[in-house]
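Here are a few short exercises on cysteines, model confidence and one strand residue. Have a look at the structure, try each task, then follow the solution.

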Amino acid sequence: MRLRLYEVGGNSTGRVMRFDQFPALLCIDTEGAPCTHQESFHSVCEMNDIGGQIEVRASTEFQEVLVNDVSVTSGALMPGDRLSLGNRCFIVSYERTAKERPPSMRVKILN
């Protein structure tokens with residue numbers, strides 16, 4: 001499975017984050033930019049290949065993970081979804097090979 005996150009909007013438009021091994025962590029560096037490094041950064045979400053589709057799971061309460069502008073705790077990322085971390089937004093791209101319907105997205109209800 002090859003997952004690509006294409007950054008859109010902001011100053012870094014055109015940046016591509018590549019993930020070819022799972023589980024994969026998406027982290028935030030000291031300046032608030034998304035990165036794939038684990039040393040001395042804090043993890044925001046974990047992505048996993050579950051039977052041919054990518055599942056995202058928020059791994060911290062400190063950063064909000066948005067999928068299509070909805071705050072989520074876990075669920076399937078579909079090709080074309082918008083994944084937002086802080087002020088960065090990415091378009092999700094991968095070839096979905098799962099035959100089953102994706103599991104329901106688990107959302108956060110904010111008071």
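**Exercise 1.** Work out whether C45 is buried or exposed, and how many disulfides the structure holds.

*Solution.* Start with accessibility: C45 has 0% relative accessibility, so C45 counts as buried (buried means under 20% relative accessible area, exposed over 50%, partly exposed in between, with a 1.4 Å probe and protein chains only). C89 is buried too, at a relative accessible area of 11%. Next, look for a partner: the closest cysteine sulfur to that of C45 belongs to C27 and lies 8.5 Å away, too far for a bond. A disulfide is a pair of cysteine sulfur atoms within 2.5 Å. The count for the structure is 0 disulfides.

This is a predicted model, in which local features need pLDDT of at least 70 and side-chain atom pairs count only at pLDDT 80 or more, while totals for chains, interfaces and linings use all residues. Residues are numbered from 1 along each chain as its sequence is written, and side-chain values use heavy atoms, leaving out hydrogens and water.

**Exercise 2.** Find which strand has the lowest mean pLDDT among the elements of the protein.

*Solution.* pLDDT is the predictor's confidence in each residue, from 0 to 100. The protein averages 80, and 75% of its residues reach 70 or more. Among its elements, strand β11 (residues 106-107) is lowest with a mean of 68, and strand β1 (residues 3-8) is highest with 92. Strands (E, at least two residues) are DSSP runs, numbered from the N terminus.

**Exercise 3.** Describe the surroundings of S93.

*Solution.* First, place S93: this residue is in strand β10 (residues 88-93). Then check exposure: S93 is partly exposed, at 30% relative accessible area. Finally, list its contacts (heavy atoms within 4.5 Å): leaving aside residues up to four places away in sequence, S93 touches R2, L3, R4 and Y6. The C-alpha atoms of S93 and G80 are 6.2 Å apart, with these positions 13 residues apart along the chain.

Methods
Helices (H or I, at least four residues) and strands (E, at least two) are DSSP runs, numbered from the N terminus.
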